[in-house]
Amino acid sequence: LETARRFRPHVVFCDIGLPGMDGYAVAAALRGDEHCRGSRLVAVSGYASPRDRERALAAGFHEHVAKPPPLEAVRAAIERTG
């Protein structure tokens, strides 16, 4: 989180299943940070059911891609930051 605050990325690819603080909490923290509010958040997860996608969007992610993300999905997410 501290690196994102300093770097202010245009897009953040974040795994959901992280140790200690899951990706949903990371998304909430980034959304609440004035320096990161403009970042596009992309959830990356092995959990890819419609409910998992809905939960990611409700948590503040702009989109959700299943692991391993296809290169085209990564490119498209980056291009949407434009």
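**Group meeting: a three-strand sheet and its cores**

Let me start at a loop. Arg-8 is found in the loop between α1 and β1. Before going on, note that this is a predicted model. The phi angle of Arg-8 is near 55°, which is a positive value in a residue that is not glycine. Is Arg-8 buried or exposed? Neither label fits, because its relative accessibility is 47% and it counts as partly exposed.

Pro-9 sits in that loop too, between α1 (2-7) and β1. Buried means under 20% relative accessible area. Pro-9 is at 11%, so it counts as buried. Which residues does Pro-9 touch, leaving aside neighbours within four places in sequence? They are Ala-4 and Ser-39. Ser-39 is 30 residues away from Pro-9 along the chain, yet their C-alpha atoms are separated by 6.0 Å.

Now the sheet. It is an open sheet of 3 strands, in the order β1-β2-β3, with parallel pairing. β1 and β3 (63-66) are at the edges, and each has a single partner strand, so one side of each has no neighbour in the sheet. From one strand to the next, the twist averages 25°.

Look at the pairing of β1 with β2. These two strands run in the parallel sense and are joined over 5 bridges. Phe-13 stands opposite Val-42 in β2, and Cys-14 stands opposite Ala-43 in β2.

How many residues of β2 are buried? The count is 6 of the 6, so β2 is largely enclosed by the rest of the structure. Its side chains point two ways: Arg-40, Val-42 and Val-44 go one way, and Leu-41, Ala-43 and Ser-45 go the other. Residues on both sides are buried.

A helix goes with this sheet. α4 (residues 71-79) lies across β1, β2 and β3, and runs at about 140° to β1. In the loop between β3 and α4 you will find Pro-68. The peptide bond from Lys-67 to Pro-68 is cis, and its omega is near -20°.

On to the cores. In soluble globular proteins, nonpolar side chains tend to be buried together. Here, the largest nonpolar core has 13 residues, and Leu-30, Leu-41 and Phe-61 touch the most other members. At least two residues of this core come from each of β1 (11-15), α2 (23-31) and β2 (40-45). Which element gives the most? That is α2, with 4 residues.

Take Leu-41 as an example. Not counting residues up to four places away in sequence, Leu-41 touches Val-12, Ala-27, Leu-30, Arg-31, Gly-60, Phe-61, His-62 and Glu-63. There is also a second, separate core of 5 residues, including Val-11, Val-42, Val-44 and Val-65. Put that beside the two directions in β2: Val-42 and Val-44 point one way from the strand, and Leu-41 points the other way. Leu-41 belongs to the largest core, while Val-42 and Val-44 belong to the second.

Last, the rings. How many aromatic pairs does the count come to? It comes to 0. There is a charge over a ring, though: the charged end of Arg-55 sits over the ring of Tyr-24, 3.9 Å from the ring centre.

To sum up, we have an open parallel sheet of 3 strands, a middle stretch, β2, with 6 of 6 residues buried, and two separate nonpolar cores, of 13 residues and 5 residues. That is the end of my part.

Notes:
Residues are numbered from 1 along each chain as its sequence is written. This is a predicted model: local features need pLDDT of at least 70, side-chain atom pairs count only at pLDDT 80 or more; totals for chains, interfaces and linings use all residues. Side-chain values use heavy atoms; hydrogens and water are left out. A nonpolar core is a set of buried Ala, Val, Leu, Ile, Met, Phe, Trp, Tyr and Cys residues joined through side-chain atoms within 4.5 Å. Buried means under 20% relative accessible area, exposed over 50%, partly exposed in between (1.4 Å probe, protein chains only). Contact means heavy atoms within 4.5 Å. Two strands pair if DSSP finds at least two bridges between them. Axes are lines fitted to C-alpha atoms, for helices over the stretch in contact, and angles run from 0 to 180 degrees between N-to-C directions. Rings of Phe, Tyr and Trp (its six-membered ring) pair if their centres lie within 6.5 Å; planes under 30 degrees apart count as stacked, over 60 as edge-to-face and the rest as tilted. A charge sits over a ring if NZ of Lys or CZ of Arg is within 6 Å of the ring centre and within 35 degrees of the ring normal.
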